[in-house]
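Work through the exercises below with the coordinates open. Try each task before reading its solution.

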Amino acid sequence: FDAIEPRLGSRRIYPGGIATGHLTGVDGHLNPEEYKTLRGFWKDGNPQPGTGEVIKNGRVFFGIDPGSDEEQMVRLRESDKAGRHIRYAGYLVNDMIGFSGVEEYYNQELRGRHLWRLQQLALSGPDLTRQFVDVGQSEPAQNGKTITLTIDLDLQQQLYDLMARELEALRIERRGVGGRPFVGCAVIMDVNTGEIRAMVSVPGFDPNTYRQEYKKLLDDPRKPLINRVISGRYPPGSTIKPIYALGLLNDGQTTPAKTEFCDGVLHLGGHDFVCHNRHRHGDIDIATAIMKSCNIYFYHAGEHAGGKRLYQYAWDLGLGRSTGIDLAAEANGQLPANARTGKGWSTGATYNMAIGQGAMTVTPLQIAVAYSAIANGGKIVRPHVRYDPNDAALNEPAGRMRVSEQALETVREGMWRVVNEPGGTGYNAVRIPRFESAGKTGSAQHSRGKTHAWYACYAPFQNPEIALVVLVPEGNLGGSASGPIAKKILKLYFHLDDKGVPLSDTEGENLG
């Protein structure tokens, strides 16, 4: 009687737990449908999906098409039958594969490669015995690669804990102990390289217990399986204003000195388009309009420029398209196509677009990319979580906006005044004495009448290092919900006390 039966296998262990679940993703066994798709066969030089499955005595077998190359191994060849280079896969029945996050994006590198040997059934020897013989050269097994990430694990853990605490405090403050909890997300990115320092979406999931809790996670109305930083799509609200301002100034549609008159409301076709908190700002220039988040200024400026130009300004800074981050399931967001074509477009639609409302959505990561471009002088970075200084595809910018220094200085001034000048929409919530940053609050309504709370910034002001975006969906005003959280994150990242005085690393670990 053998009490122990040794078996060879592997298991992933994720030390970061719930704080890193959305980043790492998980791995798991291929299901039959995924196996059939990956196995495939070749037809006229093109990969085709598998042909189906046959179940006999409780075991799953797979039907073989006459065009298939293998029966038991899935292999998308490095080259097809004509010798053209394709790519390598090599999956077995019930094999392990990455699902979501880094696990999925870098699956082929992380999983390595099985030993591969192609055999053919043939008649051989003097008595013509049926036996398998090797065909061609076998290929040895390869271990998976080690991948280094840009993530600061301590910062990642502290950021997740901070966000979870702040969202819980917001729930108790706004909705009471028994109220529905808030969700939220935050991302910290290097403005010059696109390296992600930390990225959290709360609530998250623990990849170590993902399989046991999958049904519970799937049924949770807070949708903890979604990484809101890259997959959440929201109207940007007033966080769009510095982006438009840069385009308007750079395009000559306005100047730093030109003013628009704001009396708190703009009437159009029986509809009232109101200013932020219905304030009457009088004659206001563009930097002050950013500082005070004046809707009326951007209604007028947007109308002068037109929807097509607004579309282009947003597109130039990376909105409406993938950032190219090396994580699975990134959303593109949406810019209103009618704004670009002009078909069925109206002045009212331009007004909505000019303040980040209407038929447009962005991801928090896209806003981080756009604000990084404002900070770094127009370079559109490619966000990434893999650290590899020799990989040009990761480290080269995705694009560059040709922008005048005057336009940059004016927009940066307005964003600085948001935080550092009395009357700025982020002054009370975000300002840290002796430490200067530049940012923008945003409060974006969506179809159900709730308001998403945004805060986006870069810091420090003089020598920008990071872009930070905080979003609390349905959190109401950005200045009152996301702004205070952003302030604590900035203090955490730069190790500052309440007076903006640098702390030692040890003291800074528990800040927040």
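**Exercise 1. Decide how far α14 is enclosed by the rest of the structure.**

Solution. Start with the burial count in this predicted model. In α14, 13 of the 13 residues are buried, so the helix is largely enclosed by the rest of the structure. Next, check the geometry. α14 covers residues 364–376. From first C-alpha to last it reaches 18 Å, close to the 18 Å expected at 1.5 Å a residue. Finally, look just past the helix. Gly377 follows α14, and its phi is positive, near 100°.

**Exercise 2. Find which residues touch the most other members of the largest nonpolar core.**

Solution. The core holds 118 residues. Met163 and Ile489 touch the most other members. By element, α14 gives the most to this core, with 9 residues. Now list the partners of Ile489, leaving aside neighbours within four places in sequence. They are Leu159, Leu162, Met163, Ala186, Ile188, Leu468 and Val470. A second core is separate from this one and has 5 residues, including Val26, Phe205, Tyr210 and Leu217. As background, nonpolar side chains in soluble globular proteins tend to be buried together.

**Exercise 3. Lay out the open sheet of 5 strands and place α18 against its strands.**

Solution. Write the strand order first: β12-β11-β21-β20-β19. The pairing is antiparallel. The edges are β12 (196–202) and β19 (438–445), each pairing on one side only. From one strand to the next, the twist averages 10°. Then zoom in on one pair. β11 (residues 184–190) and β12 are joined over 6 bridges in the antiparallel sense. Within that pair, Cys185 has Ser201 of β12 as its bridge partner. Last, add the helix. α18 (residues 482–494) lies across β11, β12, β20 (451–459) and β21 (466–472). Its direction is at about 145° to β21.

**Exercise 4. Explain why Cys262 and Cys294 are not bonded, and count the disulfides.**

Solution. Apply the cut-off: two cysteine sulfur atoms must lie within 2.5 Å. For Cys262, the closest cysteine sulfur is in Cys294, at 3.7 Å, which is too far for a bond. The count by this rule is 0 disulfides. Now check burial. Cys262 has a relative accessible area of 1%, so it is buried, given the threshold of under 20%. Cys185, the bridge partner of Ser201, is also buried, with a relative accessible area of 1%.

How values were computed: Residues numbered from 1 in each chain as written. Predicted model: local features only at pLDDT ≥ 70, side-chain atom pairs only at ≥ 80, totals over all residues. Heavy atoms only, no water. Helix = DSSP H or I, 4+ residues; strand = E, 2+ residues; numbered from the N terminus. Expected span 1.5 Å × (residues − 1). Buried < 20%, exposed > 50% of the residue type's maximum accessible area, 1.4 Å probe, protein only. Core = buried A, V, L, I, M, F, W, Y, C linked by side-chain atoms within 4.5 Å. Contact = heavy atoms within 4.5 Å. Pairing = 2+ DSSP bridges. Axes fitted to C-alpha atoms, helices over the stretch in contact; angles between N-to-C directions.
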